[in-house]
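Let's take a walk through a protein chain together. Keep the picture open beside you and find each residue as its name comes up.

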Amino acid sequence: MCGIFGYVGNKNAVDIILNGLTNLEYRGYDSAGIATISDGSLQIRKSIGKLNNLYKNIKKYPLSYTNIGIGHTRWATHGKPYKKNAHPHVDSKKNIAIVHNGIIENNVELRKEFAEKGYHFVSETDSEVIIPLIKENYRDGIANTLEYILPLIKGSYAIGIICRFEDSKIVCTKKDIPLIIGIGENENFISSDIYALLMYTRNLIFLEDGDIAEISKNKILIKDSNGIEKKLNIKNIKWKFNKISKTNYKHFMIKEIFEQPFSVLNTITNITYKNTKNEICIKEKIFFNQEFIKNIKNIYVVACGTSYYAGLISKFWFEHFTNIPTIVDIASEFRYREPILNNKTLVIVISQSGETADTIAALKLANDKNCKTVAICNVVGSSISIYAKHTIYTCCGIEIGVASTKAFTSQLVVLFTFALNYAYKIDTVKYSTLVTFLKELSEIPLKIKQCLKNNNFIKKLAKKFLYYKNFLFLGRYLNYPVALEGALKLKEVSYIHAEGCATGEIKHGTIALIDKNVPVIVIAIKDKVYKKTISNIEEIKARGAIVITIATECDYEIKNKSDYVIYIPKVNELLTPILTVIPTQLLAYYIANLLKYDVDKPRNLAKAVTVE
Ligand code: F6R
């Protein structure tokens with residue numbers, strides 16, 4: 001939530017910051033703003049709505065040429081998406097400008113304190129309290145002042161500051177929210193994520209909680225939370241980075257759906273290799289050593305949203321392969337109840353972004369309780385990858401569409417191989433079983449390709465069902481979480497109400513919803529609950545439902561039971577969720593696209609949920 005980008009160097013800061021914000025816009029798009037210093041004066045431009053409005057604003061009211069500035073793209077938490085609430089925030093004399101990502105939890109108390117002292121707040125944001133905090137406590141430069149005020153701030157933050165009296169540097173700090181410094185030649189950057197930096201530099205410093213950095217074009221000084229100067233820990237990012245582009249696709253979401261044969265293949269390739277007998281094996285160093293999983297008595301899988309649904313599917317795999325009881329929990333629930341955690345508990349957190357606040361809190365709780373912690377994550381260097389004792393990357397490439405698609409299928413690949421390899425390590429799965437399943441997994445990318453061939457048919461279905469107000473998604477067994485995910489995807493991009501339900505559970509209440517106005521998408525593949533699913537379909541058909549089934553290829557009988565059938569290729573039933581989810585993604589995309597919504601940036605959402 002919220003993206004921060006800053007530049008100091010020899011080039012046109014405005015262009016570079018706008019470009020940085022473009023790459024960070026997925027983090028929030030309620031409003032955007034930029035502050036620069038030119039000839040000793042602060043210049044500010046802010047616009048509500050998407051970044052495009054800021055571009056237009058700056059075109060109409062150009063900023064003077066400058067080499068330093070900070071920018072922000074906002075996902076509103078405190079205060080509506082009005083211009084006055086957009087960042088950067090400035091003081092009345094226009095001496096300092098700040099951008100903030102996170103939540104200042106004691107902002108009410110601080111606002112009251114400063115209001116009583118006569119400070120006039122312009123915005124409704126929590127962030128603006130940073131301004132009087134700096135002004136009231138100013139001592140020998142912004143960095144020193146920041147060192148003094150940070151203990152007074154409760155909550156999470158990434159903060160960037162420029163000051164017209166220190167007009168050649170950006171001062172920044174962070175706690176529980178990412179902020180990365182990019183090091184260039186005679187130029188330096190700050191950014192909320194790596195990707196916005198990689199087109200400029202591969203030399204990065206990942207700020208740690210409590211660090212305060214002073215960044216000029218040729219110098220970076222970082223002090224830790226005790227005020228001690230740190231040696232610069234520069235990481236050189238080697239991995240391949242493709243320019244962020246929609247190529248010929250209309251939206252990132254559809255591009256990312258179609259990328260899945262490759263993203264899944266990449267994820268598999270990162271985890272496995274072929275041995276001399278041409279068998280597919282696990283790369284040991286990707287997972288963990290025997291010691292790490294010794295004596296584990298229970299497993300928790302914790303995540304939010306789509307990642308949580310991937311976790312729900314993994315429960316079947318962990319319990320099936322390892323016989324270890326596995327609990328899957330929503331991170332925001334897990335952190336506030338009293339989970340039974342100790343050094344014999346394995347806690348797996350799943351997060352595409354690696355920055356989800358609730359998941360980070362759950363991970364920290366597990367670390368505090370001495371659990372073995374593993375993160376499954378897509379972003380190298382993200383907070384979750386830093387806090388977890390072990391991280392396995394999904395390697396599906398940056399996901400820009402706010403609705404998660406390719407990350408989900410890659411998470412499933414990692415979780416499946418994780419469970420399988422774990423079971424092999426503790427002798428609940430034989431080598432031959434391991435190899436057979438890995439072989440089957442290696443065929444998945446081609447099968448996803450086949451699923452994508454339903455594209456035109458699903459587009460036609462979308463046209464038919466465009467104006468329905470409610471949808472029901474049903475699935476049993478491993479495909480129950482896919483039903484939940486299918487409903488979530490439709491809701492978030494098309495704003496149509498959809499509910500996911502366990503097929504066998506609907507007769508306990510949800511069946512009351514069924515009539516001809518509620519299309520029902522039923523996952524009815526040939527697995528061990530197929531016959532039960534067919535009976536459930538009969539029950540809903542008898543009540544007038546329009547039934548769209550997702551079925552196994554060559555299952556011709558199901559045609560008699562459904563109004564429409566979407567076929568997926570045959571695959572071992574344990575692997576079906578990686579395929580059955582594809583039609584649900586396509587349906588959600590096409591409905592939203594036909595309704596002319598901004599599919600990549602659905603209202604009220606943001607890609608990285610860095611607040612509770
Ligand atoms: C839905 C979606 C969200 C995320 C959730 C967790 O399409 O994208 O539900 O899955 O916010 O995000 P990560 O995986 O980044 O922790």
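The tour goes from charged pairs to cysteines and then to some backbone oddities.

Before we start, keep in mind that what you're looking at is a predicted model.

Let's begin with charges. Side chains of opposite charge can pair when their charged atoms come close. A search of the whole structure turns up 26 salt bridges. One of them joins the side chains of D211 and K230, with 2.9 Å from N to O. This pair links distant parts of the chain, 19 residues apart: D211 sits in the loop between β11 (203-206) and β12 (212-215), and K230 in the loop between β13 (220-223) and β14 (235-236). The two partners don't get the same label for accessibility. D211 has 3% relative accessibility, and anything under 20% is called buried, so D211 counts as buried. K230, at 23%, counts as partly exposed.

Now look for E284 and K425, another salt bridge, whose closest N and O atoms are 2.4 Å apart. E284 is in the loop between β16 (280-282) and α9 (290-293), while K425 belongs to helix α14 (residues 406-425), so this contact ties together parts that are 141 residues apart in sequence. Here E284 is the partly exposed partner, with a relative accessible area of 41%. K425 is buried, with a relative accessible area of 13%.

What about a salt bridge within one helix? K315 and E319 make one, and their closest N and O atoms are 3.1 Å apart. Both residues lie in helix α10 (residues 305-322), where 4 residues separate them, about one turn of the helix. K315 is partly exposed at 29% relative accessibility, and E319 is partly exposed too, with a relative accessible area of 31%. Salt bridges can also share partners: E166, K169 and E214 are joined into one network that way.

Some charges show up in another setting. K459, K460, K463 and K464 form a positive surface patch. To find the patch, look for helix α17 (residues 455-465), which is where K464 is placed.

Next come the cysteines. A disulfide is a covalent bond between the sulfur atoms of two cysteines. How many disulfides does the structure hold? The number is 0. Take C396: the nearest cysteine sulfur, which belongs to C395, is 8.1 Å away. The sulfurs would have to be within 2.5 Å to count as a disulfide, so C396 is in none. C396 is also buried, at 4% relative accessibility. C554 is in no disulfide either, and its nearest cysteine sulfur, that of C451, is 14 Å away. C554 is partly exposed, with a relative accessible area of 47%.

Finally, let's follow the backbone. Most residues other than glycine have a negative phi, and most peptide bonds are trans. Which bond is cis here? One cis peptide bond joins H87 and P88, with omega at about 0°. You'll find P88 in the loop between β4 (68-74) and β5 (89-90).

For positive phi, check N370, a residue other than glycine with phi near 70°. N370 sits in the loop between α12 (357-368) and β20 (372-377), and at 48% relative accessibility it counts as partly exposed. K596 also has a positive phi, near 65°. K596 is in the segment after α21 (576-594), and counts as exposed at 74% relative accessibility.

Definitions and conventions. Residues numbered from 1 in each chain as written. Predicted model: local features only at pLDDT ≥ 70, side-chain atom pairs only at ≥ 80, totals over all residues. Heavy atoms only, no water. Patch = residues over 30% accessible without salt bridge, like charges linked within 9 Å, V, L, I, M, F, W, Y side chains within 5 Å. Areas by Shrake-Rupley, 256 points an atom, 1.4 Å probe, with all protein chains shown as cover. Salt bridge = Lys/Arg side-chain N within 4 Å of Asp/Glu carboxyl O. Lys, Arg positive; Asp, Glu negative; His and termini not counted. Charge placed at Lys NZ, Arg CZ, Asp CG, Glu CD. Helix = DSSP H or I, 4+ residues; strand = E, 2+ residues; numbered from the N terminus. Buried < 20%, exposed > 50% of the residue type's maximum accessible area, 1.4 Å probe, protein only.
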